[in-house]
Structure formats: structure tokens, C-alpha cells
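Biologist: Could you pick one part of this model and walk me through it closely? I'd love to hear how that part sits among its surroundings.

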4 protein chains.
Amino acid sequence: MRLIQRVAPKSIAQALGEVRVTRKFFENFSGDQVRFLARGFTNPGDHLGQMSSGNRWPYGPVALITPFNFPLEIPALQLMGALYMGNKALLHVDQRVSVVAEQLLRLLHHCGAPPTDVDLLHGPGTTMADVIKAAEPRSTLFTGSQRVAEWLAVETHGKVFLEDAGFDWKILGPDVRDLDYVAWQCDQDAYACSGQKCSAQSILFAHSNWVTAGLLDRITDLATRRKLANLTVGPVLSWTTKSILDHTKRLLQIPGAKLLFGGKPLSGHSIPEVYGAVEPTAVFVPLEQALLPEHFGVVTTEVFGPFQVVTEWQDSQLPQVLDACERMSHHLTAAVVSNDINFVQHVLGNTVNGTTYVGIRARTTGAPQNHWFGPAGDPRGAGIGTPEAIRLVWSCHREIITDFGPVPPAASLVQS
Amino acid sequence: MRLIQRVAPKSIAQALGEVRVTRKFFENFSGDQVRFLARGFTNPGDHLGQMSSGNRWPYGPVALITPFNFPLEIPALQLMGALYMGNKALLHVDQRVSVVAEQLLRLLHHCGAPPTDVDLLHGPGTTMADVIKAAEPRSTLFTGSQRVAEWLAVETHGKVFLEDAGFDWKILGPDVRDLDYVAWQCDQDAYACSGQKCSAQSILFAHSNWVTAGLLDRITDLATRRKLANLTVGPVLSWTTKSILDHTKRLLQIPGAKLLFGGKPLSGHSIPEVYGAVEPTAVFVPLEQALLPEHFGVVTTEVFGPFQVVTEWQDSQLPQVLDACERMSHHLTAAVVSNDINFVQHVLGNTVNGTTYVGIRARTTGAPQNHWFGPAGDPRGAGIGTPEAIRLVWSCHREIITDFGPVPPAASLVQS
Amino acid sequence: MRLIQRVAPKSIAQALGEVRVTRKFFENFSGDQVRFLARGFTNPGDHLGQMSSGNRWPYGPVALITPFNFPLEIPALQLMGALYMGNKALLHVDQRVSVVAEQLLRLLHHCGAPPTDVDLLHGPGTTMADVIKAAEPRSTLFTGSQRVAEWLAVETHGKVFLEDAGFDWKILGPDVRDLDYVAWQCDQDAYACSGQKCSAQSILFAHSNWVTAGLLDRITDLATRRKLANLTVGPVLSWTTKSILDHTKRLLQIPGAKLLFGGKPLSGHSIPEVYGAVEPTAVFVPLEQALLPEHFGVVTTEVFGPFQVVTEWQDSQLPQVLDACERMSHHLTAAVVSNDINFVQHVLGNTVNGTTYVGIRARTTGAPQNHWFGPAGDPRGAGIGTPEAIRLVWSCHREIITDFGPVPPAASLVQS
Amino acid sequence: MRLIQRVAPKSIAQALGEVRVTRKFFENFSGDQVRFLARGFTNPGDHLGQMSSGNRWPYGPVALITPFNFPLEIPALQLMGALYMGNKALLHVDQRVSVVAEQLLRLLHHCGAPPTDVDLLHGPGTTMADVIKAAEPRSTLFTGSQRVAEWLAVETHGKVFLEDAGFDWKILGPDVRDLDYVAWQCDQDAYACSGQKCSAQSILFAHSNWVTAGLLDRITDLATRRKLANLTVGPVLSWTTKSILDHTKRLLQIPGAKLLFGGKPLSGHSIPEVYGAVEPTAVFVPLEQALLPEHFGVVTTEVFGPFQVVTEWQDSQLPQVLDACERMSHHLTAAVVSNDINFVQHVLGNTVNGTTYVGIRARTTGAPQNHWFGPAGDPRGAGIGTPEAIRLVWSCHREIITDFGPVPPAASLVQS
């Protein structure tokens, strides 16, 4: 494998010109607007002949590290973004699924992409770590676990964009309507893909009006319909059955906690023990207990599987709900299920999550099909799925001031 | 002193509403466009009732650490930016000049600013370091030395924006014109404020046409006019006389190197020994020697005083000049002095500096009076001086998707 | 008076550079962002060396014609916009108030504005019409009556931006709340400045829930408090007392119509007969009658004085309300008073008014203090009050494509 | 044929949602960014709960009238733009070629486009004129002759966007280089498609350095290679042979004028007499003669065929060249062939043409393949080919201010 080199960034025009060759054959990734991603701006200057311009400039040598759960979508979107903006990319995908990325590259080459534009590193993450240290890419995009993200941030002195842990919350507001739809969306957000989306619903704050209206029964009913047979539930790649059930037990020791449904291993399957296999599970924890310092950590631990915490709140407890959302260490996706515009404004104004759905159709999952997806409240936060995300992660601001003259008269020049 | 708290960010409307109170009394900082800094965008969604919006959102609790050399401009621009975007700020200014920041705050309070919007920490940098560790601001802006910047980047796991070392280069292109003006601008860029601007010219790549035309004589002539008496040269705060002269000696040991002018202590003054006091100095180093690995480090060491390296290049050596610019570790300001549009395009397309002036009037200093000022090629790079800079450093992207309905029919809902 | 000439537009940089001289002395009009109004954009091209840029370009010679009701605000905002974008302006203000514009120009000259940047034409509108015909400005901004606007549009072959008739509607939605506030806002929108704002409320569609809650009593109560003594009602400049009362009578002949309040001349005053002097007046017309073709014209005639039509609607009549709004010939300001987000979305999605307030605090008046003000649904529609308005009315798009080479090889050039 | 109706514009979300159905099957027109065309912006308001937003809103009922020379490109680009922005369109294409538009619509229907979104009117322009008068579309896009454009502008009271006459100029600057390429581009710009592009080069201002270098010989050589046999010259649809030759004669009567090449009918063909058939033709007219009032009109008459005027200028005559460009009545495309950046800036700063190419590769033709194409300096000016063009022609600004509360206390409410 060839190590990445500190090549000079090519001019945007030239770089994107080359990428155009690819584009002609790879239409479904781009459309006609690729070069518009590098749109800049100009402002008149202070005197005749001066103009300042702001440009989105490539970093040059960059690295991408992406996880197992979206083996095509995440590397494809981020890699094409990196290339569109004129960078030279080194790609590493979780080794359990990196065969998919290899096929993507072979497809790109088949379509005419220059083979020197991307380097792919197959193998364990530790090798990629060594390469990063040696090659010193100007920027590295990392999507994956919080632990590795923080290690990488320290190792690169912060030259990273991160999309890591997602303990994603949903608040059901006081106005109950469309119960069937909301219950269905809760079930989807928590358990689709066995809860292995970064945006999966990790905690549900249900207003007591919804509990009274029967929401918990509905989501129980929906969850218990999920079967291995039709793949509405499936293996978990990064948590074992035992670790999920142990976590469930820890939660159930909190005073007032109770199991809403699930909490049992799946049966009748041949899923290897290195993976997890559990029923869709929800644990109810009383709000006041969840907020106690001794419980908050375990309640807000992200389980990357078919698992959620459920709690209930009264009108008077809204400040505590918002405090809980604020105290979580990461702020990825969130949902405020309500058509009460004043309630919606209040919650939005007091939270900082990156991708936030509001309204009766709000969900935690959904992006990046047609929206920005990424955390907020953290200067290292990455984005994916929109032109803004590509511009943020794969380019930097370069201000060029042209000042072609005329020069002022010599008599006006004094030293300072 | 009250420690910063992890307060929830207020709604932008509310936060900026409060700042308006200040603004009415503090017109010269803002004009009527303050709230436009928080401009967002909207896009139609995929179905009736859905809309996605991108918002510039405050971080909430943030910190600012600024240096000695612009005791008012840097803290004022960055602090007002932080406040305009709705953050709560903790400010630390180099203790030798933090009295200026205190007066700024008193002025703000006098004008009506809420006294709880900003906390000011007087004292040594080590205390500020302790506070950062304890308070964990969501983001920290640091302007100052490269050493502290890298320490802070590791300590905060990269939750920083940095404007640190500036080894700033200027290239004089092949087309000679306006010699008096260009020489004057070179003198200003290298020696104004005794070279203690982040954007001061650190190395000059003069095309041999300029040398033939007499540029080196002109800049020598200009430099030797500078006198302590009229403050066109003055004390250096972060390098001693000895350390500057020692650095000069190291450069002069490079084969072919020679002193163009300066290289002597100032005389007849009472500047304390803790500061530096030297004549404006330039050392000529042959290009091929400067590029050797054993010399490149010392040649590209930033001296934060009235000091520059000068070298000369022929047409055939342009690739080496560009390679030198690329190999420098930091990419702050730069200048390409030429009206030859093809030459200008070539240099721009192969470099990555943040603030780059081009044209016969190009200079390395100048921003942020009316342009963005900041490094490029580094995801931690800060900016100052323009709306884009304020938005980059003091806000993050938050995508809010409103989806108020109607909901789809129950029959269309299937589990996945 | 010197006639406007077909001068070439100066370069934006140069033009705005000159305007800067003014700006330094005239801070309250601008702030530091004047030149940012001329912000352009750039896109990479198709091949090395090509770049396209979109610029906001001045027209060059332009004319402004403004009415009596805002003798300072409208000419000042529009004139400064014209100058900021680099145009040379000929100004005509309604001759009853043009002394104000003269003082504005004297102030500008006192502050340093170049005296040749603006020409002012005192005198009757017919003289201005002759000048427009002779001078052929590239564009003319007209604010005033619909009749003159349409004449001017024909005369200039459509080289105009218009802000003319405003028959502005307000819809009160089904959700009643904050009755005192909404009644107060209705009173303000209809009767402040004696109804002589372009944005004054001309018709009120009150949902029956509001009528039941007592809204009509409240607005009656508020209107009858208005007195000439404290100037909460005053003279009408463009409608006489007789013409207003005649119009009232015509409306009262519609079956079911009734006078809510007013309908009488003011007494005890010395207002000349050439002006109008009537009590704040409201006529209630049943919705189904108002919509009949034989009544619709008179119901939707704008009275530029303290006068409004009021009607009432039931849930089932919303399509008729929206049809009425759609059938009005001009679409200036509007208000949808409701916090019911689904109702608000439905009304917005089926109307086209330019400046539309929604929410429980919605009003028809308010802009351009901090919003765009202008009609929509008409390509001739002008705007005032925001950067977008200035850019729309006072500049056009100019695309400049730079293509400095290199040229392709001769062998690749074929004739087509 | 069904007449267009004054339907209410649908909500943007709804309208674009419907268009998406089309889009899935009609990829080469759009890519994934269709709904981004309707991007709006938001600004925080003055108080809690207020926000203003600027939206690109559809007009609703609109008309399109397009010419013979691009029977697919112009109607396709403009029609899809109209639909993307949510309008309901009535399309009329020159009856000689409207069969192409019919096939386009059949293709759209085949791909899933709702058949009610577009009405097509086959037939003479006079019928379309009657329909416009009766249907009163909110806006009409017209591409075609200047005479009809001005008639339509008067008839609709200016509710139009126009892309009409294009008397397009090219200036060759003082710096001669790449002679072969520049001559080839001149030949292409004047004679490709037999000069029947709106952007065809109508007059060439060649600096005497280019004449000395042999440019006129080169373009003569290239023009005389053009043959009917290989379709490098062909029939002219809107000028007859006689009318072109008569115009040539008129020009040759100007003192000093001479025929450079052409000026003869094509022979050996069966092109009907209703069309034109002439050799590529150039008439040289001395600059000082061309500028005389008695000659300027005929010199700047656009011949929509393989015809151009050529003139020569010296350095001292640049003001006259710029004056000529300024005095032309329409300002569509232009080219400044020079890499001398100061010359380029000077010409740009003193002209107002809409699509202006600069640099040694500058051409008058080229857009709208990848640039905005449209006139400047006229508020009725249309655009085609870019997102900005679609937004300008097919949508208007609608400002919506949401103000959901809370309301201020009753005690603060006073009448004004």
C-alpha cells in the first residue's frame, strides 16, 4: 500500500476538472452541481482595483475512517465529498465490511476515476492509527465510537471532524394526536436496523398525556411483533447479548425502574456469540431517579442495539427534561413531537442537538437521506448528507484579496 | 472570580435580543446587522408540511484566550463575535495587557451590556489553563504562540479554534513594476510595529528580475531609516535581544548566507533586558540551501520581531519556491506580488495559505481591517475580522427539520 | 436642473469607494457593511483557468419617485440603496413634501457626499413624467398610487420597480387567545397614522370564534377613543371627507352590511376641504356578499385613510376566504393571526402576499423597520428595508467568466 | 386548448413534491438538488418568538414564449425551471419548431409528469398574444425578437422577463498572444450555427496590434473554409438573402468601409427564398465613422445570420470603444480578449453587458452550457442556465415573519 503524501492541493478548477471525468460516468452521485460545491464569494474592496474573495479550499491530503453499520452509504458520501472538493483521500473502513468499499472503488475506477485519487487501507484499526501518525493528513474524518474518536482527537491534536456517540432523545409534548403514527415512529426510531443507526432513539421522554392515551401499550405491541424470521430484529455487531442484558439489569436496579418489554435473548438462531441477539427492549426509569448523579451516567449510556430507556414527565418537570438533554455529553439527533408551536420553540431554544426534528412527524432517524446529519455544540463536529456538510468537512476558508492597482503616489507613503 | 457554568444556550432570538440592549449604546462595534450574523437557511422538504432549516447556533459556554500584541483589537472583535452569536464568554488576555480588556468590559457595562454575559480572568496563563480543565467550555478560541496552541489542542481534545504561528511569505513575481511602492510595502510588512503582527512578512522570495532592478538596495535604504526616536522601531515583547541575535548567527552559518542589514542591538535606550531591542534585520539565504532539510527548520522559524529572511529565485526554480511554501507547517498570510495573471493563478493553485494577497499591491499585513484573517489547511483554524469569521468561530451548524404533518395513512406504515 | 445622462456605470469598487466618502460622515445609514451589499459569487469553471462569477451590477442612470406619506423614510432608504450600489440617481418626491428630501440632500452634502451623485427634481409629477420620457433612465423605482404606477409601467415599457396599491388583509384563525393584544394590534394596523401606511389593514377576516369572544366590541371601543386632540386620528391627504363617506355609503348598500363604528366627519377642526377628516370607520360586510362579482370590486377598493372592511367566517368558509385573498389584484402585506401551525401553513401555502406576518402577534404594518417590505406575485414588484431589497431594486445580475488560459492545442480546434 | 387559470400557487413543498415524481424519471434535467432551488433564509427577529424569513415563491400562473433557434434547449431549460419553482406554465414555441416542444412534453408525461402541470399552445404568435391578454399570467418569459419583446412589455404593463436582441461585441486588447486560438474563437463566435445564436459576435473591436499580427487574414482564411456541404454554413431563418446583402451594401457606403470577405449568396442549393443563404461575411468600418450618429444605428443593427462588423482601435481610442459599447441599446453578451489584468478591469468597470467573458480564451458564445446567460442593465432582463437564473425568472421574494409570542403586557400598549 502506498502511503499518503503531503501533496500540494491542486487548484480547485483543476482538481474538480479531473473529478469531472469521474462524474460523467457516475451520475447518481452528483448531478450537474458538483463544481458549485466550491462556490466562493467576492466583496468590493476599499479602493479601485481591490476585491476580496472567500473560497472553499481543499485541505489536500486527508483521511477518512468509517464504521461497520453503513458500509456503503457513509464511505461513499464522505469519500465523494472529499473528492468533489479537490482533496486526495486515504480511506479506512471497519475491516469487517471493507470489502464493500473496495467494490465501490473498483466501480469508480471502472467509471473512469483516476486511480491515484484515493488510497484504501484494508486491515485493523491499529494499522490505520499508525498510518495517521506517520502520514499526518491535514484533516481526518472519523465516524465511529466515542472512545476511538477521543483517542484520535488527542493523537492528531484536534485535526479531526468527528461523528461519534449518539445518545439520541425524543420528547413527546403535551398535545396528543395521531397516536398510531407516533407509536409507529417511536418503534422505528428505536428498533429499525436493530437500533444500529447513529440516530437511533436512545431515550423517550413521554408527556403523561401520551402515557394516559396508551402510548406505552402501543409501542409494546409493536416491539413484540418484531421477529428474527422477517429480519425486523437481527444481530448486534458491537455489543454481545450478555453486555446488553447486564446493562438492562443495572438499569432495573434503579428505584422505580421496570421492564416495559424485551430483556430476553433471542432464541432459535445461529448468531455467533461474538455478536448480540436480544429482543427489542425498553426499560422505564422514573425521571427524578434518572436525573440523580449516581444514575445519570448509566441511564445515558448508548447501547448500540435494540434498546431504549423510557421515562414520563409532567408539565412542571419540563425544566428537568431540558436539563437532562443539556447534561448529555454528546448532541447528535433529537426529536420534539408536538404541533404546539410555543412548546416547540421553548425546547429548541434550550437545546443544542445537531439534527433536530420537530412536529408531530418528528423522528430521530431520517437524515442523511435529505438533511444534514451531524452533532452540534462541538467544534470538532462533522456533518454528512448535504452541500453544507461537504463544505464543512472537506474544505476550509481561504481569503484571497486581489489588489492589482493602481498604486498610490509615492508622496503618500510613510513608515509606521 | 465566578467559574463559567455549563449553561444551556439561550434561544438565538432571546440571546441576540439581550445583546441588542448593548448594541444601542455601542454603535461603532456593530451597525444594524448584528442579528443577520445568525442568518439561517430553509429548504422545502420531501412531502407536504416538511421543511429543513440550517441554523448558526451558539455553543453556549465558551472561552477566549488572546495575546499581548493587539490588546484591544483581538479581544474586542472576538468577544463581540462571541456575544453576537449568543454565547456566554470567559475571557483571558495576556496578563501584561489585560488592563485594556478590563476597561473594554467597563465600557460595555457603562453602555448597558448585562454584567453576567462575560467573565474576565486576570492572571497568569497557568491559572486560565486550570480553569479550562475544570470548566470544560464547549469551544475555546486561542490566539497566540504555537507551543501553547498545541498544548491546548491536546488538553481540550481538539475543542479549539486556533490562530497561532504565522511564518508569512511573500513572493515577488517576474514582472517588475512600481518598484518604490513594492519596496515600501515590503518594509512595512516586515518592520511596522517592529514586526510584531501575526501577519508580518517572515520570508521574501524575490524573483531575480526584482534583485536586478535594485529592490534589495531599496529595502535596505528604507530599513536603515527606522529609528527608536520616532518609534518606527521599538521594543520586542516575546524575544530578547540575545535570542534574536543568536538566531541571526545561526542563519549566517548557512553556506552562502549574508547579512543584508541590521543584526545589531539598538543603542541609547532604557528598554529592559527582558524585552528585545534590535535594528530591523534581514538575512539573505540562497534558495537551494534554505530548502535543505538541515536548514529548513531554522530558516522557517518565526521571529516575532523586526526580522526577515530574504532569498532570490529564477524562473526555473518556481517549483522549489512552491515546495518551500507547502512544507511550512502553518499557513497564515501570504502575498504574491505580480500583475501577471497566469503566474498569480499558478501560485494560488499550488498553495493553501489562509489570507493571501495577490497583485502588485499585495502585502502580508492588512487584514482584519477589511478582510478575513486566519490560517487555512487546518480544521482547527480560526478566523477574525468578517461575518464569516464570526460565524465559523462562534457558532455551529444545527439542522432543524419541521414536520408538522399531515401524517401518512396507517395502512402505509410497515416495520423495518 | 440638470437632466440625467446615460453615463457609464463606474466599476463597483470605484463607485462604492466614492460613496465611502459619504459614509464616513453618515454613519446612521450604513454601518461597516455597505460594500458587502455588492457581494458576488464565484464558481470553478470547466477547465483549468476558467471561473465564472455572478456580480450585482449598478444600472447606472436611475430614477426614484416617492409619495407623500413617508417623506423622509422612503426617499432616504431608496436613495441610499441606489447610491450604495453605484448608481447615479434622479429623485422626485411628492411636491407637497419634497422640502424634506431637499434637506436630506443638503445634509448629505454637508457630510461629504459628492454633489453630482444625485439630482433632485422639485415640482409637479407631470414634469417628472416628461423628464423620464426624455432621459430614459435604465430603471425607475416608483412608490405611490396604482394608477400612476400602471401609466409609468406602460410608458417605460416595464423598466420599473413598483410598490403601489396595498389592499392588505388580516385573517384571524380559529384559535382565540390574547384577545386584548390582538384587538389592540387590529386597531393599530387599521388606524395608526390615520390609515395612511401602504401596509394599513384594509380588510379583517375574523373567525366566528373571535366574534363570539367579543373582538368587535373591543376594536369598537379602541377606535372610539381616538381623538384629533391627541393626534390619534388626523387629516387624510389623498381622499376627501366626502369621498370617504360616499365609499362608506356604497358599502352599506350591500345586503347585510352594517356600520360597526365611525362613518362621520370629524368636527371642531380647521383641516382644509382638500383633505379628508373622518372618524375611524369600519363597515361589516357578510362574506358571501363580499365575494359576489358585483360587490367584490368596491369591497376591495383601498381607502387610504382610517377605514376598514370587517367580515366573519366559519371553518367551512376557509376556501372562500383564500379565494378572496387570491382574487385581489395586488399582494402587498398580510397577516395570519394564529398559533395553530397547521392552519398557518395552509393559509401561507395558498397565498402570495409579499410581506406576510403569521402568529398571534401578526400585524399588517411593521416593515420595513426590520423586514423586507414589498409586494409579491408580480415581476415588477419593488422591495424596501433589507439588503435583499436594495440588491433587487438597485442592481442587476452580471455574469463575468474569466478564462485566462492556457488555450487548448491547435489540433483540437474544429469548425462547427 | 384549455386556457390558463388564475390558480392559487400551491405550497412550495407540495408543488415541488409533485415535481419530484417527474424527476425520478428525468434525471438528466435535475440531479438531487431540485428542491434546493427554493432555498430561503431566516433571520432572528427583534424579540423572543419572532423570526423573519425570505422565501422564493412561485408566481402561480405563468407563460413562456420561446424562439426557433434553440427549439429544445430554451423551452426545456425555462419550462423545467418554471415547474421546479412550483408554477403552472403555458408554453408557446415558434410554430416552425413547436413539434419539438410537443415531443418534450410527451416525454415528460411518459416519465410521470402530471399532465395538468403544463399547457402547450401550438400556432401563430398572434393567437398566443390573444391568450396572454385574456389569461393575464402573473409573469411571462419571452425569448425572441426585440420588436415583439417591446410590444409584449407594453401589453402586459411590464409583467415580463425578456431575453431579446443581442448585438454582441468582442474587444481584442493590446496584448497579442495565442493568435491561432483567438482567430478560431472569433470565427466560431461569428459563424457557428450560421450566426444564429443570441450570443453570436456582431462586432469585433480589434486592437491594431492584432491587425498587425495578421488576425484579419486568419479569420478571412477560416471563414472561407466554411461550406454548405459540411454544414459549417447553412440557411438563415429570419433574414432573407436579399435583406442581408442590402444591409451589407448600406454598410459599405460608409466612408472607409470595405468588405473583408463574403458578401455573396451561397450557390448550388435548394434553400427556399423565404430563408437566407449567404457566405460568412465581414464588413470593416473605421471606428471614427462607426461612431458618427448617422452611422451608429446601421453599424449596430443585429443581423441574425453569418455576418459581423469589424473595426480597429489604437490605445488612444479606448474611450471611444467603451462609449460605443455603452451606447448600444441592449447589453447581452460580450468578450474582452486579454490577459492584461489592468486592461480587463478597466473595460469591465465601464460596461454593463450581462454575460461577459474575459481573458485570452474569452468568447461571446458559450453560455448557458455552464454559466448564466442573460442581459444586464435592464430590470426586465431574463436569465437562463443557472440556479440564479431559475430563481430570478420563476420566483419572487416573499417575506414571512413568524411572531408566535409571547405578547407584551397590556400596560405597554398605547395608541399611535
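Modeller: Happy to! Keep in mind that this is a predicted model. Let me begin with the cores and then settle on one helix. The largest nonpolar core has 111 residues, and the members that touch the most others are F205(A), V285(A), F205(C) and V285(C). A second core lies apart from that one; it has 110 residues, including W169(D), A183(D), V344(D) and A362(D).

Now for the close look, at helix α4 of chain D, which spans residues 125–135. Which of its residues are buried? They are M128(D), V131(D) and I132(D). Looking down the axis of α4(D), you would find these buried residues within an arc of 100°, so they line one face of the helix. Some background helps here: an α-helix has 3.6 residues a turn, so residues three or four places apart point the same way. It also fits a wider habit, as nonpolar side chains in soluble globular proteins tend to be buried together.

What lies over that buried side? The cover on the buried residues of α4(D) includes three strands of chain D: β3 (61–66), β4 (88–93) and β6 (139–143). Turn to the face pointing away from the buried side, and you meet the exposed residues T126(D), D130(D), K133(D) and A134(D). Finally, follow the chain just past the end of α4(D): there E136(D) adopts a positive phi of about 45°.

Conventions: Residues numbered from 1 in each chain as written. Chains lettered and ligands numbered in written order. Predicted model: local features only at pLDDT ≥ 70, side-chain atom pairs only at ≥ 80, totals over all residues. Core = buried A, V, L, I, M, F, W, Y, C linked by C-beta atoms within 7 Å. Buried ≥ 20, exposed ≤ 12 C-beta atoms within 10 Å, placed from the backbone. Helix = DSSP H or I, 4+ residues; strand = E, 2+ residues; numbered from the N terminus. Arc of directions from axis to C-beta. Contact = placed C-beta atoms within 7 Å.
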